[in-house]
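Work through the exercises below with the sequence and the model at hand. Each task is followed by a solution in steps.

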Amino acid sequence: MRKAARTAVAGLLLTMAAACGGTPPGGGATPSGGAMTGRGPITLATGKDTSRNLQNQVDAWNKGHPDEQARIVELPESADVQRDQMIQNARAKSDAFTVLALDVVWTSEFAANRWILPLPQEQFDLAAFLPPTVATGQYRGRLYAAPWKTDAGLLYYRKDLLDKAGVKEPPKTWREMEADCAKVPGVSCFAGQYEKYEGLTCNFAEAVNSAGGTIVDPATGRPDVDTPAAERGLDFLVDGFRTGLIPKQAITFKEEEGRRYFQEGRLLFHRQWPYQYALADRHDGSSKVAGRFAVAPLPGLNGPGVPTLGGHNLAVSAFARNRASALDFVTFLSSEERQRANLLASSEAPTRAALYDEPELQAKYPYLKVLKESVLNAKPRPQVVRYGDVTAAIQEAAYAAITGARPSGQVLADLQTKLQTLTRS
Ligand code: GLC
């Protein structure tokens with residue numbers, strides 16, 4: 001094409017973009033369709049920053065991008081409340097949130113409702129990420145959220161107390177765990193997250209999967225939770241509360257309440273995500289268990305358990321301005337350099353595979369090997385568009401059983417019926 005013609009075409013495209021609401025550099029109207037255009041200030045909407053390192057990450061970006069400053073919009077700790085606020089924002093077509101730190105379980109729902117934009121997949125080196133984490137950011141074969149931080153349930157245990165009791169290895173089964181607890185008086189045995197919120201769904205899924213059951217069969221997409229295996233799994237939690245193996249107050253635990261309980265030295269075994277490692281290991285007086293604990297894969301009914309896959313990916317809101325800046329910011333935060341820095345500061349699990357094999361990182365974090373294995377063994381929660389309703393039904397069922405309000409068999413039969421309705425397409 002001759003130069004004059006090229007200029008004319010470029011001019012025409014610009015006019016068309018402006019007519020469709022395209023953003024001139026520096027802000028203006030929301031770009032039309034999925035165009036990743038527009039530069040200027042952006043926000044990152046995210047749950048409560050339990051890593052205590054997010055501001056450092058954002059500062060690193062801001063240093064190099066004076067005209068595209070990023071600001072954190074911190075939402076509450078509970079995943080369900082974060083989801084509600086992000087959905088409200090999307091329904092109002094508000095541009096208040098530019099980049100969303102999207103829980104891995106919301107991708108389908110947000111993509112199907114067109115609340116987030118497809119990302120240019122070819123711009124992300126997806127082969128460099130742990131495969132299960134890539135899948136959590138995809139919907140119908142397209143990438144909607146860049147893999148950022150992953151998560152898998154881990155067993156934190158008081159190595160000092162097990163050593164003292166002559167127990168050489170962390171337990172591989174629930175029965176072994178119970179036997180270990182009998183040898184260590186003075187502390188509660190085990191806890192996870194059991195308040196009625198998303199964390200309970202994660203813990204319920206772990207119990208069911210670790211007993212050989214499933215909630216929704218990934219192969220068929222059909223619910224299959226009304227089974228003897230699922231009941232044995234749920235009963236691990238029900239019996240735990242009934243017998244006192246799980247302390248009563250754990251019914252109010254989300255991640256942070258449990259972390260404080262563990263750090264106060266009141267628990268022998270704690271089911272928790274990777275972020276707890278760095279905080280519990282602080283030698284500044286904030287943790288009584290610093291230097292006294294280790295991490296193992298979760299135990300299960302007849303052998304190692306099946307952790308739930310968690311984590312957060314980065315998506316761009318469909319109602320955002322300054323999307324070109326947003327895309328660069330997503331690329332920046334998910335880069336190997338930023339993920340390394342975040343791991344060093346926070347112990348949060350990276351999605352970049354190579355970091356797990358770096359000797360320097362392995363030396364600082366002896367739990368990296370267990371972490372990688374746990375992420376690779378982890379099972380995703382049901383990947384469904386109506387996830388909000390699905391998780392509410394699971395939470396209702398699990399909570400009724402663990403509080404002793406209703407028998408396990410009955411709640412699982414009801415849950416199966418509800419899930420059948422919710423997953424029917
Ligand atoms: C963690 C996980 C997330 C999960 C949440 C539940 O933040 O990364 O996937 O939904 O915990 O509390």
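A polar contact is a pair of N or O atoms within 3.5 Å. The model used here is predicted.

**Exercise 1.** Which residues surround the ligand, and how do they divide by class?

Step 1. List the shell: Asp103, Asp151, Tyr197, Glu198, Gly199, Glu255, Trp273, Gly310, Gly311, His312 and Arg381.
Step 2. Sort the shell by class: five residues are charged, four are polar and two are nonpolar. Gly counts as polar in this scheme.

**Exercise 2.** Find the distance from an oxygen atom of the ligand to a polar side-chain atom of Asp151, then do likewise for Glu255 and Asp103.

Step 1. For Asp151, the distance is 2.5 Å.
Step 2. For Glu255, a polar side-chain atom is 2.6 Å from a ligand oxygen.
Step 3. For Asp103, an N or O atom of the side chain is 2.6 Å from an oxygen atom of the ligand.
Step 4. Turn to the surface of the ligand: taken alone it exposes 310 Å², and the protein buries 91% of that.

**Exercise 3.** Where does the ligand sit, and which parts of the chain supply its shell?

Step 1. Locate the ligand: its place is the largest cavity.
Step 2. Look for elements with at least two shell residues: these include α8 (198–210) and β11 (309–316).
Step 3. Find the largest share: β11 supplies it, with three residues.
Step 4. Assign the shell to domains: domain 1 (2–151 + 310–377) and domain 2 (152–308 + 383–422) each give at least three residues.

How values were computed. Residues numbered from 1 in each chain as written. Predicted model: local features only at pLDDT ≥ 70, side-chain atom pairs only at ≥ 80, totals over all residues. Heavy atoms only, no water. Near = heavy atom within 4 Å. Polar contact = N/O pair within 3.5 Å; in protein donor to acceptor, adjacent residues only side chain to side chain. Areas by Shrake-Rupley, 256 points an atom, 1.4 Å probe, with all protein chains shown as cover. 1 Å grid on protein atoms, 1.4 Å probe; cavity = no way out; pocket = protein on both sides within 12 Å on 5 of 7 lines; lining within 4 Å. Sits in = over half its atoms within 2 Å of the grid points. Helix = DSSP H or I, 4+ residues; strand = E, 2+ residues; numbered from the N terminus. Domains from an automatic or database assignment.
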